[in-house]
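This briefing sets out selected features of a single protein model for a reader who wishes to follow them residue by residue. Please keep the sequence and the coordinates at hand.

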Amino acid sequence: MIDTIRIRGARENNLKNIDVDIPKHQLIVVTGPSGSGKSTLALDILQRECQRQYLESSGQSGESIPKPKVTSITGLSPAIAVGQHAANRNPRSTVGTATDLQTYLRLVFEKKGIRDCRACGSAMPASAENGAAEIACPACGELHRSLGKADYSYNTPSGACESCSGLGSVVDIDVEAVFDRSKSIRGGAVVFWFESFADYNAAMLEAAGKYYGLPMNTTIPVGEWSEAEWDLLLYGVESPEFARHYPDKPLPKSVGRGRFKGVLTGMWQRYKEKGGQSGEAALFRSRPCTDCGGERLNEISRSITAYGRRLPELTRMSLGELAAWLEQPYAEAISDDDELLASVLQDMKVKVRRIEDVGLGYLMLDRQSLTLSGGEAQRLRLATILGSGLTGVLYLLDEPTTGLHAKDTAGLVQVMKELRDLGNTVLLIEHDVTVMQEADHIIDIGPAAGRFGGNIVGQGSLQELIGQDSSVTGSYFRNPPGMLSSRRAPQNGWITVHEASRHNLQQITATFPLGCLTAVAGVSGSGKSTLVFDLLASAVPGQSSFRGLEGCGNISGMERIDSLITVDQSPLSRMQRSSVSTYMDLFALLRKAYAALPEAKSRKLAEKHFSFNTPGGRCDRCEGLGVVMVDMHFLSHLQITCPECKGKRFKPEVLEVKYEGRSISDFLELSLEESQPLLANNKKMTKLLQLLSEVGLGYLQWGQSVTTLSGGEGQRLKLAKELSAPAKGHTLYLLDEPSSGLHPLDVEKLHLLLSRLVDAGNTVIMVEHNTELIAAADWVLDLGPGGGDAGGELVAAGTPQQLASDKRSVTGASLNLHEPVKAQR
């Protein structure tokens, strides 16, 4: 029996021809600085080769998966990768459907559902035991349609609410937010029309006014317009709302003659065409369906009870509450000798317990999957996988502790150990100290990022790593740098969120000191993101008092803030063409430098010829992507190197132009850090490259697509983009777990960067779980004490030292504010 995965000569990306032996049936952590090659080893090599060999061994073609650059790999097992990009984007997917708990509940209601007879009101079974289509009321004999499992699903026509089609909410345009009634059409009455577009539409409206005999004065405030003029502006000439004013008038024949579409009509069209991602999407408001009240099911299905509860009530419980409710039905099923129902309920209890173990007990079954963070989605899938009973599998996890509070890490480690004890190999990319201490084996990759990494610098248990001089991680534990709080005193005023009640917040009033680095901490689901990103981020800079926000009484203290910048972990772009260098406007500067070369001028090549996003200089075959898609019929499409440009993206005449001895294609393959010496004479590019290195992204390649970045990398890239812009006075920065994906050594660099921002006269507020970074903050707000309905309270607020001495604070208990003891060799 082979007990080792043996990799020889790994040369993928920045890996330096490394050899590594990975013990099987153990809990293994791959760690090292950001960009050192961890993901390359775990995902680009192990996952890809496992999939390729599995396909080949099952008699299928493995050509659809490119072979990694390794001399040999032996001892592989079938692999399951649990990444942070697995969340289902379908609005119909919920925690309940993703875990199959919703399916189990539907089965419970099919067997035990009780309804009221529509004739006499007596309680009766909702389903016929013999599978008949109808069931009679035992009291009066009235026949009712027998309900099946499909009738309890909001994703089927027989179960879904007819008004919202089972989504629980409907979308409307916030009309008041679209128009400023005090302004004219030409003066900005439609908030998203820029000047020239407003003039274009004004001319069209005037033409429509002339055709219908309406004044349509586009230079007076629209608040003074008549009802007919407003109907024309809102809905357009083809709408029934406007047509009622002129029932016998034919439509204008052209746009120039006044065939105006209508502002709201156009907004709806673009919103539907782009799947809710149109440019005006922020002006749409989602509200609960008035017919079902957000419960998704039709009137009959949502009225059925089982063990005294309706199905929508159960799906709106936290999983912790659901676990308590399951005890009664399970006890009754056992006493009734109902083996099938008892088995279903037992499976539910085990599933819920595992989800609680990974720190997600605050979730509700009706929570949409697309609202889960990357860490939440990954841990939910991990808990679900545990129930599969598979053995001999290689599980690959990408930072499962992301977004997890220190107190919940033990539960997650326990779940991973259960997976291991089933006979599986669990390999995770991780930086969390607690997880490293619990690991059977650690592989340390370094010593730095990009071309300065790619080597195995240490292997063994954490204690063994500490004794290895070459180990970067071992060095951190031997001589912990210990980030120190600047202890800036809150003396520049406060921003206060008054009476916050959005989602699970319990009418709390939270204050944030200006001119300080503030951490908002607390267990997962305690209300941190709601407080910072749903409420505080909605405040308007310069206003001393901001009212009218749903779930909040007032936000005060913003009069000292000149600008507000939110940097979260939402995707930068879903377009493969958007790269690191184009996002940062670096590539535009590089194209300008190439176009200014004598060689380019002699060939009559302008800046556009050095762009892979516009026709001219790019390869026509692959349109500048460097790869082309091949239809594999029944298999997934295969991406192969473009046979025309050989992956170089550009035409030969463009590639012949060299800057510092390199073609434009060569630059796209360089890391940002590698290119710095080559561009030392270009001040603008040097400044941007230096900034990207400071936020810990120097290892990224110029041409790397932003769709490949993790949430943490994407956030730091956004932060760099904001920092590259000219200062706008006192700026309030709101950050969402900026330490996500960072090695402890890199977290120290991040702290220095954030401190620089504050010292420059700004305010930084970060939602954070990293205890080292929290301890280094000036001020901390701790929310809790639990998640979901058990959270939403402001447990403690003050300096890290004050939190550490507050017995109510779970976060304070995990802060290490003392001089760390050096590990012994």
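The points below are grouped by topic, from strands and helices to salt bridges, cysteines and the surface. The model is predicted. In it, strand 28 is enclosed by the rest of the structure to a large degree, salt bridges number 39, and zero disulfides are found.

**Strand 28 and its partners**

- Strand 28 covers residues 779–784, and six of its six residues are buried, so the strand is largely enclosed by the rest of the structure.
- In a regular strand, side chains alternate between the two faces of the sheet.
- On one side of strand 28 lie Trp 779, Leu 781 and Leu 783, while Val 780, Asp 782 and Gly 784 point the other way; all are buried.
- Strand 20 (residues 517–522) pairs with strand 28 in the parallel sense, over five bridges. Within this pairing, Thr 518 has Trp 779 of strand 28 as its bridge partner.
- Strand 29 (residues 793–798) runs antiparallel to strand 28 and is joined to it by five bridges. Here Asp 782 has Ala 796 of strand 29 as its bridge partner.

**Helix 18**

- Helix 18 spans residues 528–535 and is mostly covered, with six of its eight residues buried.
- The buried residues of helix 18 are Lys 528, Thr 530, Leu 531, Val 532, Phe 533 and Leu 535.

**Helix 1: Thr 40**

- Thr 40 belongs to helix 1, which runs over residues 38–57.
- With a relative accessibility of 8%, Thr 40 counts as buried, because the limit for that class is under 20%.
- Leaving aside residues up to four places away in sequence, Thr 40 touches Glu 12, Asn 13, Asn 14, Leu 15 and Ile 45.

**Helix 5: Glu 206 and Phe 197**

- Glu 206 is located in helix 5 and is partly exposed, at a relative accessible area of 32%.
- When residues up to four places away in sequence are not counted, Glu 206 touches Arg 186, Met 216 and Thr 218.
- Glu 206 and Gln 102 are 104 residues apart along the chain, and their C-alpha atoms are separated by 55 Å.
- Phe 197 also has its place in helix 5 (residues 195–212), and its relative accessibility of 34% makes it partly exposed.
- Phe 197 joins Phe 194, Tyr 200 and Val 255 in a nonpolar surface patch, whose accessible area together is about 410 Å².

**Salt bridges**

- The count of salt bridges comes to 39. Several are described here.
- Asp 151 and Arg 145 form a salt bridge in which the closest N and O atoms are 2.9 Å apart. Asp 151 is buried, with 5% relative accessible area, whereas Arg 145 is partly exposed at 46%.
- Asp 231 forms a salt bridge with Arg 244, with 2.8 Å between the closest N and O atoms. Asp 231 lies in helix 6 (residues 227–235) and Arg 244 in the loop between helix 7 (240–243) and helix 8 (263–273), so this pair ties together parts 13 residues apart in sequence.
- Asp 231 is buried at 8% relative accessibility, and Arg 244 is partly exposed at 48%.
- Arg 259 pairs with Glu 238 in a salt bridge, the closest N and O atoms being 3.4 Å apart. Arg 259 is in the loop between helix 7 and helix 8 and Glu 238 in the loop between helix 6 and helix 7, so the pair ties together parts 21 residues apart in sequence.
- Arg 259 is partly exposed, with 29% relative accessibility, while Glu 238 is exposed, with a relative accessible area of 54%.
- A network of salt bridges links Arg 6, Arg 8 and Asp 21.

**Cysteines**

- A disulfide is a covalent bond between the sulfur atoms of two cysteines. The whole structure contains zero disulfides.
- The cysteine sulfur closest to that of Cys 117 belongs to Cys 140 and is 3.6 Å away, too far for a bond, because a disulfide calls for sulfur atoms within 2.5 Å. Cys 117 is buried, with a relative accessible area of 3%.
- Cys 622 is likewise in no disulfide, and the nearest cysteine sulfur, in Cys 645, is 3.7 Å away. Cys 622 counts as buried, at 4% relative accessibility.

Technical notes. Residues numbered from 1 in each chain as written. Predicted model: local features only at pLDDT ≥ 70, side-chain atom pairs only at ≥ 80, totals over all residues. Heavy atoms only, no water. Patch = residues over 30% accessible without salt bridge, like charges linked within 9 Å, V, L, I, M, F, W, Y side chains within 5 Å. Areas by Shrake-Rupley, 256 points an atom, 1.4 Å probe, with all protein chains shown as cover. Salt bridge = Lys/Arg side-chain N within 4 Å of Asp/Glu carboxyl O. Helix = DSSP H or I, 4+ residues; strand = E, 2+ residues; numbered from the N terminus. Buried < 20%, exposed > 50% of the residue type's maximum accessible area, 1.4 Å probe, protein only. Contact = heavy atoms within 4.5 Å. Pairing = 2+ DSSP bridges.
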